[in-house]
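Colleague: I should like a close look at a single part of this model, namely the sheet region of the first chain. Please describe that part and then place it in its surroundings.

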Amino acid sequence: MSPDERERLASEYVLGLLDADEERLCEELLPVDARLAALVEEWRERVAELDATAPLVAPDPGLWRRIEVSLEGQASPEGARSGTLEPLGGIASPRRTAGRGWAKVWWENLALWRGLGLTACAASLLLAVGLSHVSRQAAQAPVLVAVLLSDQNQPAAVVNAFRDGRTELLALSALSAPEGKSLQVWTLWDRVRGPVSVGLLDTLRTVELKVEGLPLPAAEQLYEITLEPAGGSPTGRPTGPILMKGNASPTGTGI
Amino acid sequence: MPSLTRIAHGPLDDELNEAIYGCARGERASLHRLYEHLAPKMTGVALRMLRRRDLAEEVVHDTFLRIWEKAGSFDAARGKASAWVFTILRRTALNVLRGERRIELVEDYDAIEPISEETDAESLLVALSETSALRRCLDRLEPMRRRAILLAYLRGLTHGELAGRLGVPLGTAKAWIRRSLRTLKDCLA
């Protein structure tokens, strides 16, 4: 994201101007984009005075009781049971993030997608190119194909897995990681093992994925691309928004 | 008019921090302390955004539940307790504005003369302290653009709604907002 774009997103988020898609994008980026978070904080301070101008309005005397009743129906606050207090969102935020989970972030993120400049038109055009590429390879047809779809259900890339395990990514869309970010390709075949990184790119392009040492791909195996800090996820697991994903299906060639 | 900024700069600031930390430890009394200090101002802000008493109180209600849930993520080093609370309040109110009850609210809007919004925006400006840098900088904006910024904040209007309200094309409204916010930032720097 360019500095101007980040500034715009932060200011309009604080003012409450963003539409639902951009607002969601901003909220997903906030925990991972420290610069954005700092700008949002700055804007909050800038306009906080406006809230101070609101008149004092005594709420209904029964309101506190209603809040108490609602709290009865809730568990104790997150972190209260542990008895420790971690600043910097140590307790509540990670749990919330974990709840959303990498797999749940799925297609929530329309605007990011648009922001990165993918257009459905380009995707369709490139799909045609991609498919012709696939057909040229008929002699060594893949045994599994996964079409990675964007959140708008547009084909954005294809993963072809061959009988010998060789796996390639075909780009169907023009997509570049913003400054300071990388695109990271993951595959998941075993929930216990978790997602494994098989590629790192700055720009979506056709590449051979790094699958050495991994089991042969199987039907339903998941492939996805997430937006990560430059150089790849620091944790070895996806941390950023999922840009596209898809499950492998067997082709007519058979595994 | 008692102002939040005055509260926030006083010794109450520490007390509010402590109250949120108390909530994180599961102390109901701490939440009640926050309520006593902030609920009237919160109700005022929510009412200004939603313009319906019942919805405003519902937003305050939901905000306190969220404060209780999220207290563990508050960090006084990153920002003021009051700012943290009002951020949650505004977010909750915006969700209501953007949510299913939108239709009822839109009917309310129609009943209100555009002039009243203009008056609202201008009176908001006047309500800011004479010495406020924000006021000085907002004053420098062209009236229509100032109104766009203030209405956006005050009413939680989106770009599209602002464009409709100001009678300009969407692209124009977006460009105004973008440029005005940049000007505001430079002026406040």
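**A strand in chain A and its setting**

Modeller: Among the contacts in chain A between residues at least 6 apart in sequence, 65% join residues at least 24 apart. The model is predicted. Chain A contains seven helices and nine strands, and buried residues account for 40% of its 255 residues.

The part to examine is strand S4 of chain A, which spans residues 181–188. S4(A) is mostly covered, with seven of its eight residues buried. To count as buried, a residue must have 20 or more other C-beta atoms within 10 Å of its own.

S4(A) pairs with strand S7 of chain A, residues 222–229, through eight bridges, and the two strands run antiparallel. One pair in this ladder joins A:Lys181 of S4(A) to A:Pro229 of S7(A). S4(A) also pairs with strand S5 of chain A, residues 196–201, again in the antiparallel sense, over five bridges. Here A:Gln184 stands opposite A:Leu200 of S5(A). As a general point, side chains in a regular strand alternate between the two faces of the sheet.

Chain A also contributes to a nonpolar core of 28 residues, which includes A:Val143, A:Leu209, A:Leu243 and A:Met244. This core lies apart from the largest nonpolar core, which has 77 residues. In the largest core, the residues with the most contacts inside it are B:Ala46, B:Leu50 and B:Ala152. Helix H3 of chain B, residues 28–50, supplies the largest share of that core, eleven residues. Leaving aside residues up to four places away in sequence, B:Ala46 touches B:Ala56, B:Val59, B:Val60, B:Leu89 and B:Ala93.

The two chains also meet: 43 residues of chain A are in contact with 54 residues of chain B. On the side of chain A that touches chain B, the elements giving two or more residues are helices H1 (3–15), H3 (34–52), H4 (63–72) and H5 (92–104) of chain A. Of these, H3(A) gives the largest share, ten residues. That side of chain A divides into 24 nonpolar, eight polar and eleven charged residues.

For comparison with the strand, consider helix H10 of chain B, residues 159–166, whose buried residues are B:His159, B:Leu162, B:Ala163 and B:Leu166. Viewed down the axis of H10(B), these residues fall within an arc of 100°, so they line one face of the helix. Their cover includes helix H9 (143–155) and helix H11 (170–188) of chain B. After H10(B) comes B:Gly167, whose phi is positive, near 70°.

Notes. Residues numbered from 1 in each chain as written. Chains lettered and ligands numbered in written order. Predicted model: local features only at pLDDT ≥ 70, side-chain atom pairs only at ≥ 80, totals over all residues. Buried ≥ 20, exposed ≤ 12 C-beta atoms within 10 Å, placed from the backbone. Helix = DSSP H or I, 4+ residues; strand = E, 2+ residues; numbered from the N terminus. Arc of directions from axis to C-beta. Contact = placed C-beta atoms within 7 Å. Nonpolar A, V, L, I, M, F, W, Y, C, P; charged D, E, K, R; others polar. Core = buried A, V, L, I, M, F, W, Y, C linked by C-beta atoms within 7 Å. Pairing = 2+ DSSP bridges.
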